[in-house]
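Visitor: I should like a close look at a single part of this model, namely the surroundings of the ligand. Please begin with the contacts and then place them within the rest of the fold.

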Amino acid sequence: MSSPTVYSVAGYGEMILNEPRMAAFDAALRQAVTPGCTVIDIGAGTGIFCLLACKYGAAHVVAIEPADGVLLLRDMARANGFNDRITILQGLSTDYRPERPADVIISDLRGTLPLFEHHIATIVDARDRLLRPGGTLIPISDRICGALVQSEDCGKYVEQPWKTNSFGLDLSAGHRFAANHSQKTYLKPEALASSTQDIAVLDYRTITDPNLKAKTVFRPNRKVTPNGLLIWFDLTTAEGIGFSNAPGQPELVYGQTFLPFETLQSVGPEDRIEVTLSATLINGSYEWSWFSDIFRGTDERPVARMRQSGFKSHVLSPARLTVKSNAHVPQRSAKHELDSFILSQIDGKRPIREIADALSARFGDQIETPQKAHDLVAALIGRYE
Ligand SMILES: C[S@@+](CC[C@H](N)C(=O)[O-])C[C@H]1O[C@@H](n2cnc3c(N)ncnc32)[C@H](O)[C@@H]1O
């Protein structure tokens with residue numbers, strides 16, 4: 001499993017400060033924790049949920065988090081008198097083999113949307129392996145919602161530099177790449193150009209598939225030229241508890257996702273736009289695609305068809321693609337020699353200092369200083385540890 005996004009301590013602080021978010025997780029935890037129960041906090045960050053679980057009477061809490069920020073939890077546990085009730089495991093939950101499953105599992109592994117990195121696979125693994133039958137999973141579910149939008153704020157990045165720049169230059173070759181690039185944003189309700197539609201529900205008690213494919217029909221709420229689709233989530237942390245990340249709700253750290261339309265068409269309430277949204281997990285990140293057909297009135301033939309995806313936002317250099325081809329024959333280089341020498345020196349006994357000295361002795365013509373040798377060795381070894 002690839003490593004999750006790393007947050008700074010300041011980033012974790014922003015999450016703790018985000019009132020609607022914390023209130024919903026706090027209330028769910030307070031309700032789930034009974035005196036003497038056991039809790040696992042997956043993606044503990046600096047351990048806010050662990051400390052709250054102890055405060056509500058948990059007998060034992062396991063904090064699982066690969067990022068170094070979790071080391072602060074030891075000080076915080078001590079400062080709050082919970083030191084003997086918290087176990088810190090620096091790593092991934094999928095590598096954790098507990099003696100006994102927990103009564104409660106809490107996590108918030110989402111990004112802008114809940115379909116983010118290995119979130120779903122992590123929850124499926126935790127639910128099946130780390131939670132006792134009948135135990136409580138927090139959160140319970142997410143609803144992915146969307147609406148058409150007409151947003152100058154978002155649209156300007158797609159249209160202006162490439163189509164209407166003020167330098168009198170033709171930059172239109174950039175437009176189709178910008179039009180396939182999703183944006184993290186926060187829009188006001190005035191930007192919505194249709195009613196909100198439910199796109200999908202992710203029920204963490206039953207979900208197995210990390211991928212999503214859903215077709216949704218949007219009807220404009222007025223005469224408008226929508227320039228994209230806005231998607232967000234409504235989260236349920238426990239029955240009757242949660243928050244919405246919709247435009248008009250208190251602002252959350254997550255943001256919303258704007259998916260631009262490549263073609264702008266004026267439409268009205270009698271028209272419809274059918275969007276098939278797909279999210280496919282590839283090597284630890286989601287590839288989003290949004291295929292949209294615009295229909296006028298009762299016409300069965302679309303007036304516009306857009307086949308858009310994040311993949312199309314990248315300029316693909318033939319040179320960069322070639323090195324991934326099966327037929328590519330890599331050529332031996334000086335860099336390969338250095339790396340293979342460093343790796344050959346690892347014997348489980350020699351410290352980095354000795355390996356760096358050996359590297360300098362062997363490749364003195366290429367490595368100017370002992371510091372450079374140290375940096376090369378430390379960087380290569382760091383890739384494996
Ligand atoms: C959004 S932060 C949440 C931090 C903290 N729980 C909070 O709510 O303030 C998500 C954290 O999950 C961690 N993470 C992601 N996948 C994980 C996994 N499989 N096991 C443990 N931690 C994971 C990331 O390193 C990140 O620090």
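Guide: In this predicted model, the side chain of Tyr12 has an N or O atom 2.5 Å from an oxygen atom of the ligand. Two further side chains offer contacts of this kind. For Arg21, the distance from a polar side-chain atom to a ligand oxygen atom is 2.4 Å. For Glu65, a polar side-chain atom and an oxygen atom of the ligand are 2.7 Å apart. Taken alone, the ligand has 600 Å² of accessible area, and the protein covers 95% of that.

The wider shell comes next. The ligand has 21 residues around it, and those that come nearest are Tyr12, Arg21, Gly43, Glu65 and Ser93. As for the site itself, the ligand occupies the largest pocket. Two elements, α1 (residues 9-17) and α3 (residues 48-55), each give two or more residues to the shell around the ligand.

From the ligand one may turn to the sheets, beginning with the parallel one. Strands of a sheet are joined by backbone hydrogen bonds and may run parallel or antiparallel. One open sheet has five strands, ordered β3-β2-β1-β4-β5, with parallel pairing. Its edges are formed by β3 (86-89) and β5 (131-138), each of which pairs on one side only. From one strand to the next, this sheet twists by 20 degrees on average. Within it, β1 (residues 38-42) and β2 (residues 60-64) are paired in the parallel sense over five bridges. In that pairing Ile42 faces Ile64 of β2, the two standing opposite each other.

Two backbone features belong to the loops that adjoin strands of this sheet. Between β4 (102-107) and α5 (119-130) runs a loop that contains Glu117. Glu117 is not a glycine, yet its phi is positive, at about 45 degrees. The second feature concerns the peptide bond from Ile138 to Pro139, which is cis, with omega near 0 degrees. Pro139 is placed in the loop between β5 and β6 (141-149).

The antiparallel sheet completes the picture. Four strands make up this open sheet, in the order β9-β13-β14-β15, and their pairing is antiparallel. The edge positions are held by β9 (212-218) and β15 (304-309), each pairing on one side only. Here the twist from one strand to the next averages 10 degrees. Strands β13 (residues 272-282) and β14 (residues 285-295) are paired in the antiparallel sense over 11 bridges. Leu281 has Tyr286 of β14 standing opposite.

To return to the part requested, the ligand sits in the largest pocket, with the protein covering 95% of the accessible area that the ligand has on its own. Among the residues that come nearest are Gly43 and Ser93, and the side chain of Tyr12 places an N or O atom 2.5 Å from a ligand oxygen atom.

Note on methods. Residues numbered from 1 in each chain as written. Predicted model: local features only at pLDDT ≥ 70, side-chain atom pairs only at ≥ 80, totals over all residues. Heavy atoms only, no water. Pairing = 2+ DSSP bridges. Axes fitted to C-alpha atoms, helices over the stretch in contact; angles between N-to-C directions. Near = heavy atom within 4 Å. Polar contact = N/O pair within 3.5 Å; in protein donor to acceptor, adjacent residues only side chain to side chain. Areas by Shrake-Rupley, 256 points an atom, 1.4 Å probe, with all protein chains shown as cover. 1 Å grid on protein atoms, 1.4 Å probe; cavity = no way out; pocket = protein on both sides within 12 Å on 5 of 7 lines; lining within 4 Å. Sits in = over half its atoms within 2 Å of the grid points.
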